[in-house]
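Dear colleague,

I am passing on the structure we talked about, and below it you will find my notes on what turned up when I went through it. Please read them with the model open beside you.

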Amino acid sequence: MTIRYSVALLCLLALPVAAAEWAEPIEAAAEEASITKALDSIERGNLEKHLNYLASDELQGRMSGEPGYDAAAKYVAEQLAAVGVEPAGLFGGWFQDVPLLRRQIDVDGASITVHTDRGDAGLRWKDDFTMGGDQVRDETTVRAEVVYAGFGVHAPELGYSDYDGVDVKGKIVAIFGGAPASFPHNERAYYSSGRTKRDLMVERGAVGYIYMRSRSDQQRRSWDVVTLNAGVTAGMSWKNLQGEVADHHHQLEGSALVNEAVAPDIFAPSPISFEQALDAAEAGRPASQPLGVEMTLTQKSEHTDITSPNVVGVIRGSDPELADEYIVYTAHLDHIGVGTPVDGDAIYNGFYDNAMGVALMIEAARAFKAMPRAPARSILLVAVTGEERGLLGSDYFAQYPTVRAEGMIANINLDMPLLLYPLADIIAFGAQHSTLDVPIARAVEAEGFALTPDPIPEEVLFIRSDQYSFVRQGVPAVFLVPGFTSTDPDINGGALFQGHLKTHYHRPSDDLSRPVDWPSALRFARANVRIGLEIAKDMKPPRWHEGDFFGEKFSRGQ
(Lines give C-alpha, C1' and ligand atoms only; values in the text may rest on other atoms or scores of the structure.)
Protein backbone atom coordinates (compact mmCIF):
# COMPACT_ATOMS: atom_id res chain seq x y z
CA MET A 1 0.00 0.00 0.00
CA THR A 2 2.73 2.42 0.95
CA ILE A 3 4.65 1.53 -2.17
CA ARG A 4 1.54 1.95 -4.30
CA TYR A 5 0.88 5.44 -2.86
CA SER A 6 4.51 6.39 -3.35
CA VAL A 7 4.39 5.45 -7.01
CA ALA A 8 1.17 7.41 -7.48
CA LEU A 9 2.66 10.38 -5.68
CA LEU A 10 5.72 10.27 -7.90
CA CYS A 11 3.49 10.19 -10.97
CA LEU A 12 1.52 13.18 -9.73
CA LEU A 13 4.71 15.09 -8.99
CA ALA A 14 5.98 14.31 -12.44
CA LEU A 15 2.90 15.68 -14.20
CA PRO A 16 3.79 19.40 -13.93
CA VAL A 17 7.29 18.69 -15.22
CA ALA A 18 5.94 16.74 -18.18
CA ALA A 19 3.41 19.48 -18.88
CA ALA A 20 6.14 22.11 -18.81
CA GLU A 21 8.31 20.05 -21.14
CA TRP A 22 5.48 19.68 -23.65
CA ALA A 23 4.00 23.17 -23.29
CA GLU A 24 6.84 25.02 -25.00
CA PRO A 25 6.94 22.86 -28.17
CA ILE A 26 3.13 22.96 -28.39
CA GLU A 27 3.06 26.75 -28.03
CA ALA A 28 5.94 27.13 -30.51
CA ALA A 29 4.16 24.89 -33.01
CA ALA A 30 0.92 26.86 -32.64
CA GLU A 31 2.77 30.14 -33.05
CA GLU A 32 4.55 28.90 -36.17
CA ALA A 33 1.24 27.68 -37.59
CA SER A 34 -0.33 31.11 -37.12
CA ILE A 35 2.73 32.80 -38.66
CA THR A 36 2.66 30.45 -41.62
CA LYS A 37 -1.02 31.14 -42.19
CA ALA A 38 -0.39 34.89 -42.10
CA LEU A 39 2.57 34.56 -44.46
CA ASP A 40 0.35 32.67 -46.88
CA SER A 41 -1.55 35.93 -47.38
CA ILE A 42 1.43 37.13 -49.44
CA GLU A 43 0.35 36.16 -52.93
CA ARG A 44 1.73 36.60 -56.42
CA GLY A 45 -1.48 38.25 -57.61
CA ASN A 46 -1.22 41.10 -55.14
CA LEU A 47 2.47 41.66 -55.86
CA GLU A 48 1.75 41.74 -59.58
CA LYS A 49 -1.07 44.25 -59.05
CA HIS A 50 1.28 46.64 -57.25
CA LEU A 51 4.03 46.20 -59.81
CA ASN A 52 1.72 46.64 -62.77
CA TYR A 53 0.68 50.03 -61.43
CA LEU A 54 3.89 51.34 -59.86
CA ALA A 55 6.05 50.41 -62.87
CA SER A 56 3.51 51.46 -65.48
CA ASP A 57 4.18 54.13 -68.09
CA GLU A 58 1.30 56.05 -66.56
CA LEU A 59 3.49 57.08 -63.62
CA GLN A 60 6.24 58.38 -65.90
CA GLY A 61 9.09 56.91 -63.86
CA ARG A 62 7.97 58.26 -60.44
CA MET A 63 10.36 61.22 -60.29
CA SER A 64 10.23 62.98 -56.91
CA GLY A 65 8.23 66.18 -57.05
CA GLU A 66 6.30 65.20 -60.17
CA PRO A 67 2.68 63.99 -60.62
CA GLY A 68 3.67 60.37 -61.30
CA TYR A 69 5.40 60.13 -57.94
CA ASP A 70 2.47 61.77 -56.14
CA ALA A 71 0.08 59.26 -57.73
CA ALA A 72 2.34 56.42 -56.59
CA ALA A 73 2.40 57.83 -53.03
CA LYS A 74 -1.41 58.02 -53.01
CA TYR A 75 -1.58 54.41 -54.20
CA VAL A 76 0.74 53.16 -51.45
CA ALA A 77 -1.28 54.97 -48.78
CA GLU A 78 -4.50 53.45 -50.13
CA GLN A 79 -3.04 49.96 -50.19
CA LEU A 80 -1.69 50.21 -46.64
CA ALA A 81 -5.06 51.51 -45.46
CA ALA A 82 -6.83 48.65 -47.22
CA VAL A 83 -4.91 46.03 -45.20
CA GLY A 84 -5.55 47.85 -41.91
CA VAL A 85 -2.39 49.87 -41.38
CA GLU A 86 -2.84 53.18 -39.51
CA PRO A 87 -1.50 56.46 -40.93
CA ALA A 88 1.61 57.74 -39.14
CA GLY A 89 2.58 60.80 -41.15
CA LEU A 90 2.11 64.40 -40.11
CA PHE A 91 -1.15 65.75 -38.67
CA GLY A 92 -2.71 62.30 -38.46
CA GLY A 93 -2.34 61.68 -42.19
CA TRP A 94 -0.29 59.36 -44.38
CA PHE A 95 2.29 61.82 -45.65
CA GLN A 96 5.39 63.63 -44.49
CA ASP A 97 6.17 66.31 -47.04
CA VAL A 98 9.90 66.63 -47.62
CA PRO A 99 10.97 70.17 -48.63
CA LEU A 100 13.37 69.95 -51.56
CA LEU A 101 15.41 72.41 -53.61
CA ARG A 102 15.53 71.22 -57.20
CA ARG A 103 18.48 72.24 -59.38
CA GLN A 104 18.62 71.98 -63.16
CA ILE A 105 21.98 72.71 -64.70
CA ASP A 106 22.21 74.89 -67.79
CA VAL A 107 24.28 72.72 -70.10
CA ASP A 108 25.34 75.72 -72.18
CA GLY A 109 26.59 77.45 -69.03
CA ALA A 110 28.65 74.49 -67.79
CA SER A 111 32.32 74.52 -68.68
CA ILE A 112 35.78 73.31 -67.70
CA THR A 113 38.94 74.98 -68.94
CA VAL A 114 42.36 73.46 -68.30
CA HIS A 115 45.20 75.99 -68.04
CA THR A 116 48.78 74.85 -68.72
CA ASP A 117 52.04 76.45 -69.84
CA ARG A 118 51.13 75.35 -73.37
CA GLY A 119 47.85 77.28 -73.30
CA ASP A 120 44.21 76.79 -72.42
CA ALA A 121 41.96 73.90 -73.47
CA GLY A 122 38.22 73.64 -73.02
CA LEU A 123 36.60 70.28 -72.27
CA ARG A 124 33.41 69.19 -74.03
CA TRP A 125 30.14 68.64 -72.17
CA LYS A 126 29.25 64.96 -71.78
CA ASP A 127 32.09 63.79 -74.05
CA ASP A 128 34.75 64.90 -71.57
CA PHE A 129 32.91 65.92 -68.40
CA THR A 130 29.58 66.36 -66.65
CA MET A 131 28.58 68.37 -63.59
CA GLY A 132 25.44 68.65 -61.52
CA GLY A 133 25.31 72.30 -60.61
CA ASP A 134 25.57 73.97 -57.23
CA GLN A 135 23.04 72.97 -54.58
CA VAL A 136 22.21 76.59 -53.77
CA ARG A 137 23.94 79.11 -56.02
CA ASP A 138 22.68 79.92 -59.51
CA GLU A 139 26.17 80.64 -60.80
CA THR A 140 29.68 79.77 -59.63
CA THR A 141 33.14 80.05 -61.16
CA VAL A 142 36.37 78.96 -59.56
CA ARG A 143 39.92 78.89 -60.94
CA ALA A 144 42.58 77.11 -58.94
CA GLU A 145 45.57 74.80 -59.09
CA VAL A 146 44.71 71.09 -59.32
CA VAL A 147 46.14 68.66 -56.77
CA TYR A 148 45.80 64.92 -57.23
CA ALA A 149 44.80 63.34 -53.89
CA GLY A 150 44.22 59.64 -54.63
CA PHE A 151 40.85 58.54 -53.27
CA GLY A 152 40.51 61.67 -51.13
CA VAL A 153 40.72 59.47 -48.03
CA HIS A 154 42.26 60.28 -44.66
CA ALA A 155 42.17 57.18 -42.42
CA PRO A 156 45.02 57.41 -39.89
CA GLU A 157 43.57 54.50 -37.90
CA LEU A 158 44.33 52.35 -40.93
CA GLY A 159 47.75 53.90 -41.54
CA TYR A 160 46.54 55.53 -44.76
CA SER A 161 46.13 59.13 -45.92
CA ASP A 162 45.90 60.70 -49.36
CA TYR A 163 46.36 64.12 -47.79
CA ASP A 164 49.70 63.61 -46.05
CA GLY A 165 52.39 65.72 -47.69
CA VAL A 166 50.09 67.77 -49.94
CA ASP A 167 48.51 71.17 -49.42
CA VAL A 168 45.01 71.48 -50.89
CA LYS A 169 44.07 74.82 -49.36
CA GLY A 170 42.61 77.00 -52.07
CA LYS A 171 43.03 74.15 -54.58
CA ILE A 172 40.83 71.94 -56.74
CA VAL A 173 41.24 68.33 -55.62
CA ALA A 174 41.30 65.53 -58.22
CA ILE A 175 40.23 62.22 -56.72
CA PHE A 176 39.04 58.75 -57.65
CA GLY A 177 35.74 57.34 -56.45
CA GLY A 178 35.82 54.55 -53.88
CA ALA A 179 38.51 53.69 -51.34
CA PRO A 180 41.51 51.32 -51.22
CA ALA A 181 40.54 47.69 -51.79
CA SER A 182 42.86 46.73 -48.94
CA PHE A 183 40.58 48.46 -46.40
CA PRO A 184 38.32 46.25 -44.29
CA HIS A 185 34.84 46.13 -45.75
CA ASN A 186 33.20 48.51 -43.26
CA GLU A 187 35.91 51.13 -43.48
CA ARG A 188 35.98 50.88 -47.27
CA ALA A 189 32.26 51.60 -47.43
CA TYR A 190 32.47 54.57 -45.06
CA TYR A 191 35.44 56.20 -46.76
CA SER A 192 33.90 55.67 -50.21
CA SER A 193 31.00 57.95 -49.29
CA GLY A 194 30.94 61.21 -51.22
CA ARG A 195 29.74 62.95 -48.06
CA THR A 196 32.81 61.73 -46.15
CA LYS A 197 35.13 62.81 -48.97
CA ARG A 198 33.62 66.29 -49.20
CA ASP A 199 33.86 66.78 -45.43
CA LEU A 200 37.55 65.86 -45.54
CA MET A 201 38.45 68.15 -48.45
CA VAL A 202 36.56 71.08 -46.91
CA GLU A 203 38.40 70.58 -43.60
CA ARG A 204 41.64 70.99 -45.57
CA GLY A 205 40.54 74.12 -47.39
CA ALA A 206 39.77 72.84 -50.90
CA VAL A 207 37.64 75.10 -53.11
CA GLY A 208 36.48 72.50 -55.62
CA TYR A 209 36.96 68.94 -56.82
CA ILE A 210 36.85 66.70 -59.83
CA TYR A 211 36.00 63.01 -59.72
CA MET A 212 37.76 60.49 -61.93
CA ARG A 213 36.93 56.82 -62.44
CA SER A 214 39.28 54.08 -61.31
CA ARG A 215 39.80 50.96 -63.39
CA SER A 216 37.23 49.04 -61.36
CA ASP A 217 34.70 51.86 -61.90
CA GLN A 218 35.39 51.77 -65.63
CA GLN A 219 34.90 48.02 -65.75
CA ARG A 220 31.56 48.14 -63.94
CA ARG A 221 29.90 50.75 -66.15
CA SER A 222 30.80 52.50 -69.36
CA TRP A 223 31.10 56.28 -69.57
CA ASP A 224 28.03 56.37 -71.82
CA VAL A 225 25.91 54.62 -69.18
CA VAL A 226 27.12 56.80 -66.32
CA THR A 227 26.43 60.02 -68.23
CA LEU A 228 23.24 58.89 -69.97
CA ASN A 229 21.00 61.45 -68.26
CA ALA A 230 23.58 64.15 -67.56
CA GLY A 231 21.93 67.54 -67.97
CA VAL A 232 18.50 65.93 -68.36
CA THR A 233 17.66 64.72 -64.86
CA ALA A 234 17.58 67.39 -62.15
CA GLY A 235 19.51 67.24 -58.91
CA MET A 236 17.85 67.80 -55.53
CA SER A 237 18.69 68.53 -51.91
CA TRP A 238 16.45 68.57 -48.85
CA LYS A 239 15.98 71.55 -46.57
CA ASN A 240 16.04 71.48 -42.78
CA LEU A 241 13.51 73.14 -40.50
CA GLN A 242 15.44 76.40 -40.71
CA GLY A 243 15.15 76.37 -44.51
CA GLU A 244 18.83 75.58 -45.04
CA VAL A 245 19.95 73.03 -47.62
CA ALA A 246 21.35 69.91 -45.96
CA ASP A 247 24.96 68.90 -46.55
CA HIS A 248 25.82 72.00 -48.56
CA HIS A 249 29.49 73.04 -48.46
CA HIS A 250 29.65 76.67 -49.56
CA GLN A 251 33.44 76.41 -49.57
CA LEU A 252 33.28 74.12 -52.62
CA GLU A 253 32.64 76.43 -55.57
CA GLY A 254 32.79 73.83 -58.32
CA SER A 255 32.75 70.10 -58.99
CA ALA A 256 32.66 67.78 -61.99
CA LEU A 257 33.08 64.21 -63.21
CA VAL A 258 35.90 63.96 -65.77
CA ASN A 259 36.17 61.28 -68.43
CA GLU A 260 39.16 58.98 -68.12
CA ALA A 261 39.74 59.54 -71.84
CA VAL A 262 40.93 63.13 -71.22
CA ALA A 263 42.52 62.57 -67.80
CA PRO A 264 45.97 61.73 -69.29
CA ASP A 265 46.17 65.26 -70.73
CA ILE A 266 45.36 66.77 -67.33
CA PHE A 267 48.14 64.70 -65.74
CA ALA A 268 50.64 65.37 -68.55
CA PRO A 269 52.53 68.28 -66.89
CA SER A 270 52.95 66.40 -63.58
CA PRO A 271 55.65 63.90 -62.51
CA ILE A 272 52.96 61.20 -62.35
CA SER A 273 51.00 59.96 -65.36
CA PHE A 274 47.33 59.09 -65.24
CA GLU A 275 48.23 55.42 -65.75
CA GLN A 276 50.58 55.60 -62.76
CA ALA A 277 47.82 57.20 -60.71
CA LEU A 278 45.50 54.35 -61.72
CA ASP A 279 48.19 51.84 -60.73
CA ALA A 280 48.63 53.52 -57.33
CA ALA A 281 44.88 53.52 -56.71
CA GLU A 282 44.62 49.87 -57.68
CA ALA A 283 47.44 49.02 -55.27
CA GLY A 284 45.95 51.17 -52.49
CA ARG A 285 49.10 53.30 -52.42
CA PRO A 286 48.98 57.08 -51.84
CA ALA A 287 50.65 59.03 -54.65
CA SER A 288 49.24 62.52 -54.08
CA GLN A 289 50.91 65.57 -55.65
CA PRO A 290 50.19 68.79 -57.54
CA LEU A 291 49.47 68.24 -61.23
CA GLY A 292 51.07 71.43 -62.50
CA VAL A 293 47.86 72.69 -64.09
CA GLU A 294 45.08 75.05 -63.18
CA MET A 295 41.44 74.51 -63.94
CA THR A 296 38.39 76.74 -64.16
CA LEU A 297 35.02 75.20 -63.28
CA THR A 298 31.91 77.18 -64.21
CA GLN A 299 28.25 76.31 -63.78
CA LYS A 300 24.84 77.91 -64.10
CA SER A 301 21.71 76.35 -62.63
CA GLU A 302 18.04 77.09 -62.13
CA HIS A 303 16.64 76.35 -58.68
CA THR A 304 13.04 75.56 -57.75
CA ASP A 305 11.44 74.85 -54.36
CA ILE A 306 9.31 71.70 -54.42
CA THR A 307 7.98 69.11 -51.97
CA SER A 308 7.63 65.37 -52.25
CA PRO A 309 6.03 63.13 -49.62
CA ASN A 310 7.26 60.17 -47.67
CA VAL A 311 4.36 57.76 -47.02
CA VAL A 312 4.24 56.61 -43.39
CA GLY A 313 2.07 53.93 -41.78
CA VAL A 314 2.19 52.00 -38.51
CA ILE A 315 1.03 48.68 -37.08
CA ARG A 316 0.82 49.22 -33.32
CA GLY A 317 2.69 46.76 -31.13
CA SER A 318 0.69 44.41 -28.93
CA ASP A 319 2.93 44.72 -25.86
CA PRO A 320 2.14 47.97 -23.98
CA GLU A 321 5.71 48.14 -22.69
CA LEU A 322 7.29 47.68 -26.14
CA ALA A 323 4.76 49.34 -28.47
CA ASP A 324 6.71 52.60 -28.33
CA GLU A 325 9.68 50.86 -29.97
CA TYR A 326 9.58 50.78 -33.76
CA ILE A 327 10.99 48.39 -36.34
CA VAL A 328 11.18 50.60 -39.43
CA TYR A 329 10.64 49.05 -42.86
CA THR A 330 11.73 51.32 -45.72
CA ALA A 331 11.54 51.13 -49.51
CA HIS A 332 12.15 54.03 -51.87
CA LEU A 333 9.18 54.87 -54.05
CA ASP A 334 10.89 57.23 -56.48
CA HIS A 335 12.85 56.50 -59.63
CA ILE A 336 14.46 58.55 -62.41
CA GLY A 337 11.40 59.75 -64.29
CA VAL A 338 11.57 60.55 -68.00
CA GLY A 339 15.07 60.78 -69.41
CA THR A 340 17.26 60.19 -72.42
CA PRO A 341 15.59 57.69 -74.77
CA VAL A 342 17.18 54.28 -75.18
CA ASP A 343 15.90 52.26 -78.14
CA GLY A 344 13.04 54.74 -78.41
CA ASP A 345 11.93 54.43 -74.78
CA ALA A 346 12.34 57.48 -72.51
CA ILE A 347 10.38 56.30 -69.44
CA TYR A 348 12.56 54.91 -66.66
CA ASN A 349 9.92 52.70 -65.03
CA GLY A 350 12.03 51.33 -62.18
CA PHE A 351 10.38 47.89 -62.03
CA TYR A 352 13.03 46.31 -59.84
CA ASP A 353 14.36 49.69 -58.67
CA ASN A 354 12.21 49.99 -56.69
CA ALA A 355 8.61 49.14 -57.48
CA MET A 356 9.51 45.61 -56.37
CA GLY A 357 10.74 46.75 -52.96
CA VAL A 358 7.61 48.85 -52.37
CA ALA A 359 5.34 45.98 -53.43
CA LEU A 360 7.11 43.67 -51.00
CA MET A 361 6.71 46.20 -48.19
CA ILE A 362 2.96 46.53 -48.82
CA GLU A 363 2.60 42.76 -48.72
CA ALA A 364 4.68 42.58 -45.55
CA ALA A 365 2.09 44.88 -44.00
CA ARG A 366 -0.67 42.53 -45.18
CA ALA A 367 1.05 39.57 -43.50
CA PHE A 368 1.58 41.43 -40.22
CA LYS A 369 -2.08 42.45 -40.14
CA ALA A 370 -3.18 38.88 -40.90
CA MET A 371 -1.63 37.63 -37.66
CA PRO A 372 -3.98 36.92 -34.75
CA ARG A 373 -1.86 39.16 -32.55
CA ALA A 374 0.32 42.06 -33.68
CA PRO A 375 4.08 41.84 -33.04
CA ALA A 376 5.12 42.98 -29.59
CA ARG A 377 6.89 46.03 -30.97
CA SER A 378 5.35 48.44 -33.48
CA ILE A 379 6.04 48.11 -37.19
CA LEU A 380 6.62 51.38 -39.05
CA LEU A 381 6.32 51.30 -42.85
CA VAL A 382 7.90 54.17 -44.78
CA ALA A 383 7.90 54.57 -48.57
CA VAL A 384 10.53 57.26 -49.03
CA THR A 385 11.09 59.84 -51.72
CA GLY A 386 14.33 61.08 -53.28
CA GLU A 387 16.51 58.00 -52.90
CA GLU A 388 17.72 58.36 -56.47
CA ARG A 389 18.61 62.01 -55.77
CA GLY A 390 20.86 61.10 -52.81
CA LEU A 391 18.90 59.26 -50.08
CA LEU A 392 16.92 62.46 -49.47
CA GLY A 393 13.59 61.20 -48.11
CA SER A 394 15.16 58.66 -45.78
CA ASP A 395 17.73 61.18 -44.53
CA TYR A 396 14.96 63.66 -43.80
CA PHE A 397 12.82 61.05 -42.06
CA ALA A 398 15.73 59.68 -40.00
CA GLN A 399 16.46 63.19 -38.76
CA TYR A 400 12.82 64.32 -38.44
CA PRO A 401 10.86 61.12 -37.77
CA THR A 402 7.10 61.25 -37.25
CA VAL A 403 7.52 58.98 -34.22
CA ARG A 404 9.78 59.28 -31.19
CA ALA A 405 13.34 59.22 -32.59
CA GLU A 406 14.70 57.14 -29.73
CA GLY A 407 11.97 54.60 -30.37
CA MET A 408 13.37 53.61 -33.78
CA ILE A 409 15.36 50.50 -32.84
CA ALA A 410 16.02 48.88 -36.23
CA ASN A 411 15.67 49.53 -39.95
CA ILE A 412 14.94 46.89 -42.60
CA ASN A 413 15.42 48.33 -46.07
CA LEU A 414 14.13 46.94 -49.36
CA ASP A 415 15.83 48.24 -52.48
CA MET A 416 16.06 46.56 -55.89
CA PRO A 417 15.75 42.89 -54.88
CA LEU A 418 16.63 41.13 -58.15
CA LEU A 419 14.39 38.08 -58.09
CA LEU A 420 15.57 36.75 -61.43
CA TYR A 421 16.30 33.08 -60.66
CA PRO A 422 15.55 30.32 -58.13
CA LEU A 423 17.20 31.67 -54.99
CA ALA A 424 19.37 29.60 -52.70
CA ASP A 425 20.77 32.41 -50.56
CA ILE A 426 20.27 35.92 -49.24
CA ILE A 427 22.76 38.71 -48.59
CA ALA A 428 21.98 40.83 -45.54
CA PHE A 429 24.12 43.95 -45.88
CA GLY A 430 24.68 45.38 -42.42
CA ALA A 431 23.65 42.33 -40.38
CA GLN A 432 27.20 41.79 -39.16
CA HIS A 433 27.35 45.20 -37.46
CA SER A 434 24.82 44.54 -34.71
CA THR A 435 22.82 41.93 -32.85
CA LEU A 436 20.46 41.98 -35.83
CA ASP A 437 22.64 39.15 -37.14
CA VAL A 438 20.93 36.56 -34.90
CA PRO A 439 17.25 37.26 -35.73
CA ILE A 440 18.13 37.66 -39.41
CA ALA A 441 19.87 34.28 -39.45
CA ARG A 442 16.83 32.66 -37.81
CA ALA A 443 14.39 34.29 -40.23
CA VAL A 444 16.36 33.44 -43.36
CA GLU A 445 16.86 29.84 -42.28
CA ALA A 446 13.14 29.45 -41.61
CA GLU A 447 12.49 30.07 -45.31
CA GLY A 448 15.23 27.69 -46.42
CA PHE A 449 17.79 30.29 -47.47
CA ALA A 450 21.50 30.31 -46.73
CA LEU A 451 23.02 33.59 -45.52
CA THR A 452 25.93 34.73 -47.70
CA PRO A 453 28.62 37.38 -47.09
CA ASP A 454 28.84 40.38 -49.44
CA PRO A 455 30.09 39.02 -52.81
CA ILE A 456 30.67 42.48 -54.33
CA PRO A 457 32.36 44.65 -51.66
CA GLU A 458 33.68 47.00 -54.35
CA GLU A 459 30.11 48.25 -54.92
CA VAL A 460 29.96 49.45 -51.25
CA LEU A 461 26.20 48.88 -51.34
CA PHE A 462 25.78 49.34 -47.59
CA ILE A 463 26.20 53.12 -47.94
CA ARG A 464 24.27 53.44 -51.20
CA SER A 465 20.69 52.93 -50.10
CA ASP A 466 18.29 54.25 -47.50
CA GLN A 467 19.45 52.11 -44.60
CA TYR A 468 22.57 54.28 -44.37
CA SER A 469 20.43 57.30 -43.42
CA PHE A 470 19.33 55.39 -40.32
CA VAL A 471 22.82 54.08 -39.58
CA ARG A 472 24.06 57.68 -39.53
CA GLN A 473 21.49 58.37 -36.81
CA GLY A 474 22.71 55.41 -34.76
CA VAL A 475 19.96 52.94 -35.75
CA PRO A 476 21.13 49.39 -36.54
CA ALA A 477 20.00 48.54 -40.06
CA VAL A 478 19.99 45.83 -42.68
CA PHE A 479 19.64 45.88 -46.46
CA LEU A 480 18.29 42.56 -47.70
CA VAL A 481 18.97 41.40 -51.28
CA PRO A 482 18.97 38.06 -53.10
CA GLY A 483 22.28 36.24 -53.20
CA PHE A 484 24.10 35.02 -56.30
CA THR A 485 23.49 31.30 -55.82
CA SER A 486 20.73 29.57 -57.78
CA THR A 487 19.10 26.33 -56.71
CA ASP A 488 19.25 25.39 -60.39
CA PRO A 489 22.85 24.37 -61.18
CA ASP A 490 22.32 25.35 -64.81
CA ILE A 491 21.56 28.98 -63.89
CA ASN A 492 24.39 31.37 -62.98
CA GLY A 493 22.71 33.75 -60.54
CA GLY A 494 25.74 36.02 -60.26
CA ALA A 495 25.88 36.45 -64.04
CA LEU A 496 22.18 37.39 -64.15
CA PHE A 497 22.65 39.84 -61.27
CA GLN A 498 25.66 41.52 -62.90
CA GLY A 499 23.90 41.44 -66.27
CA HIS A 500 21.02 43.44 -64.83
CA LEU A 501 23.43 46.04 -63.44
CA LYS A 502 25.21 46.42 -66.77
CA THR A 503 22.18 46.34 -69.07
CA HIS A 504 19.03 47.37 -67.17
CA TYR A 505 20.08 49.31 -64.02
CA HIS A 506 18.85 52.91 -64.35
CA ARG A 507 17.73 52.21 -67.91
CA PRO A 508 14.23 52.27 -69.46
CA SER A 509 14.45 48.48 -69.87
CA ASP A 510 13.98 48.01 -66.11
CA ASP A 511 10.28 47.70 -66.80
CA LEU A 512 7.39 45.25 -66.71
CA SER A 513 9.14 43.05 -69.28
CA ARG A 514 11.72 41.94 -66.68
CA PRO A 515 11.37 38.31 -65.56
CA VAL A 516 10.50 37.31 -61.99
CA ASP A 517 11.07 33.93 -60.35
CA TRP A 518 7.81 34.03 -58.40
CA PRO A 519 8.45 31.15 -55.96
CA SER A 520 11.66 32.90 -54.90
CA ALA A 521 9.88 36.24 -54.68
CA LEU A 522 7.31 34.82 -52.28
CA ARG A 523 9.95 33.13 -50.12
CA PHE A 524 12.00 36.34 -50.06
CA ALA A 525 8.91 38.29 -49.01
CA ARG A 526 8.19 35.81 -46.24
CA ALA A 527 11.77 35.96 -44.94
CA ASN A 528 11.51 39.74 -44.83
CA VAL A 529 8.44 39.54 -42.58
CA ARG A 530 10.07 36.92 -40.38
CA ILE A 531 12.98 39.27 -39.71
CA GLY A 532 10.60 41.84 -38.24
CA LEU A 533 8.89 39.19 -36.16
CA GLU A 534 12.17 37.92 -34.77
CA ILE A 535 13.31 41.44 -33.84
CA ALA A 536 9.94 42.23 -32.32
CA LYS A 537 9.98 39.30 -29.91
CA ASP A 538 13.57 39.65 -28.68
CA MET A 539 13.68 40.83 -25.08
CA LYS A 540 16.34 43.45 -25.85
CA PRO A 541 16.36 45.85 -28.81
CA PRO A 542 19.21 45.45 -31.32
CA ARG A 543 22.59 46.77 -30.27
CA TRP A 544 25.76 47.51 -32.16
CA HIS A 545 28.44 44.88 -31.66
CA GLU A 546 31.20 46.04 -29.36
CA GLY A 547 33.96 47.66 -31.39
CA ASP A 548 31.89 47.77 -34.59
CA PHE A 549 33.12 50.49 -36.94
CA PHE A 550 29.70 51.99 -37.72
CA GLY A 551 28.52 51.57 -34.15
CA GLU A 552 31.45 53.60 -32.86
CA LYS A 553 31.03 56.25 -35.56
CA PHE A 554 27.31 56.80 -35.13
CA SER A 555 26.00 55.07 -31.98
CA ARG A 556 23.39 56.99 -29.95
CA GLY A 557 24.68 55.30 -26.82
CA GLN A 558 23.89 51.80 -25.63
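Which residues of α11 are buried? In this predicted model, they are Leu392, Gly393, Ser394, Asp395, Tyr396, Phe397 and Ala398. Since that makes seven of the eight residues in helix α11 (residues 392–399), the helix is largely enclosed by the rest of the structure.

Turning to the interior, the largest nonpolar core comprises 139 residues, and within it Ile112 and Phe550 have the most contacts. Helix α10 (residues 351–369) supplies the largest share of this core, with 13 residues. Beyond its neighbours within four places in sequence, Ile112 is in contact with ten residues that include Ala121, Phe129, Met131, Val258 and Leu297. There is also a second, separate core of 16 residues, among them Val147, Val166, Ile175 and Leu257.

Helix α10 also packs against helix α15 (residues 518–537), at an angle of about 60° and with the axes 10 Å apart, and α10 is therefore oblique to α15. On the α10 side the contact is made by Leu360, Ala364, Ala367 and Phe368, while α15 contributes Ala521, Phe524, Ala525, Val529, Gly532 and Leu533. By class, this contact has nine nonpolar residues, one polar residue and no charged ones. The crossing of the two helices is right-handed.

Finally, His500 lies in helix α14 (residues 493–503) and counts as buried, because its relative accessibility is 0%. Leaving out residues up to four places away in sequence, His500 touches Tyr352, Met416, Leu418, Leu420, Tyr505, Asp510 and Arg514.

With best wishes

Definitions and conventions. Residues are numbered from 1 along each chain as its sequence is written. This is a predicted model: local features need pLDDT of at least 70, side-chain atom pairs count only at pLDDT 80 or more; totals for chains, interfaces and linings use all residues. Side-chain values use heavy atoms; hydrogens and water are left out. A nonpolar core is a set of buried Ala, Val, Leu, Ile, Met, Phe, Trp, Tyr and Cys residues joined through side-chain atoms within 4.5 Å. Buried means under 20% relative accessible area, exposed over 50%, partly exposed in between (1.4 Å probe, protein chains only). Helices (H or I, at least four residues) and strands (E, at least two) are DSSP runs, numbered from the N terminus. Contact means heavy atoms within 4.5 Å. Axes are lines fitted to C-alpha atoms, for helices over the stretch in contact, and angles run from 0 to 180 degrees between N-to-C directions. Angles under 35 degrees count as roughly parallel, over 145 as roughly antiparallel, 65 to 115 as roughly perpendicular and the rest as oblique. A crossing is left-handed if the near helix is turned anticlockwise from the far one by less than a right angle, and right-handed if clockwise. Ala, Val, Leu, Ile, Met, Phe, Trp, Tyr, Cys and Pro count as nonpolar, Asp, Glu, Lys and Arg as charged, and the others, Gly among them, as polar.
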